[in-house]
Amino acid sequence: YHAVVALRAARAVRTHVALRGAEALRMAALRSKHAQLGRAERLARLGSFEWNPQDGTLAWSDEHFRLWGVEPSSVPPTQALFLQGVHPEDRALQQAAQEAALRGEAPYDCVFRVCRPDGTVRQVHVMGEVLRDPDGRVLRVVGAVQDITEARAAEAALLEKQRLVDVLQQTTPLGLWF
């Protein structure tokens, strides 16, 4: 009888060890994927968020915190923290885009400025998807926010160069060839 119990116990221990080893491998793979996603977000200057308008809960990725100029996880993300970061002149625009998306009239897609605590101002593009239950009630909003400051500056510089070329073409009797 003791031998049977000992064999069953040994088998149970081997099974337990094998399951823990498999779980450890899955957790290591998950940590690796999470780190990879974090690096990709940093490189793209792209943060992500999930917001439940019903209870106000909000979750931000580390890069979303950085876009707002806040150390990741140093404070809980709240609607007040979000709105504090939105440039005062852009709050109405952001609110209108958010409300239209919640009503189902348009996708949540908005460009606005963010004022960081250190005084720097960045321009961001926010895109979100409103998830609804079968009855159409809003469950949550998931989305991404990307820093587009440099892209907008490059676009403005290109437009200015084009404007100068146009002025040259209109005021110079010689033709320009490219």
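This dialogue discusses the salt bridges of a predicted model.

Trainee: How should a salt bridge be read, and how many does the structure hold?

Mentor: Side chains of opposite charge can pair when their charged atoms come close. A salt bridge here is a side-chain nitrogen of Lys or Arg within 4 Å of a carboxyl oxygen of Asp or Glu. The structure holds ten salt bridges. In this predicted model, local features need pLDDT of at least 70 and side-chain atom pairs count only at pLDDT 80 or more, while totals for chains, interfaces and linings use all residues. Residues are numbered from 1 along each chain as its sequence is written, and side-chain values use heavy atoms, with hydrogens and water left out.

Trainee: Where do glutamate 63 and arginine 66 lie?

Mentor: Both lie in helix H2 (residues 62-67), three residues apart, about one turn of the helix; helices (H or I, at least four residues) and strands (E, at least two) are DSSP runs, numbered from the N terminus. The closest N and O atoms of this salt bridge are 3.0 Å apart.

Trainee: Is glutamate 63 buried or exposed?

Mentor: Buried means under 20% relative accessible area, exposed over 50%, and partly exposed in between (1.4 Å probe, protein chains only). Glutamate 63, at 7%, is therefore buried, whereas arginine 66, at 32%, is partly exposed.

Trainee: Which residue forms a salt bridge with arginine 122?

Mentor: Aspartate 147 does, with the closest N and O atoms 2.9 Å apart. The pair links distant parts of the chain, 25 residues apart: arginine 122 in strand S4 (residues 121-132) and aspartate 147 in strand S5 (residues 138-147). Salt bridges with shared partners join Arg45, Arg122, Asp147 and Glu150 into one network.
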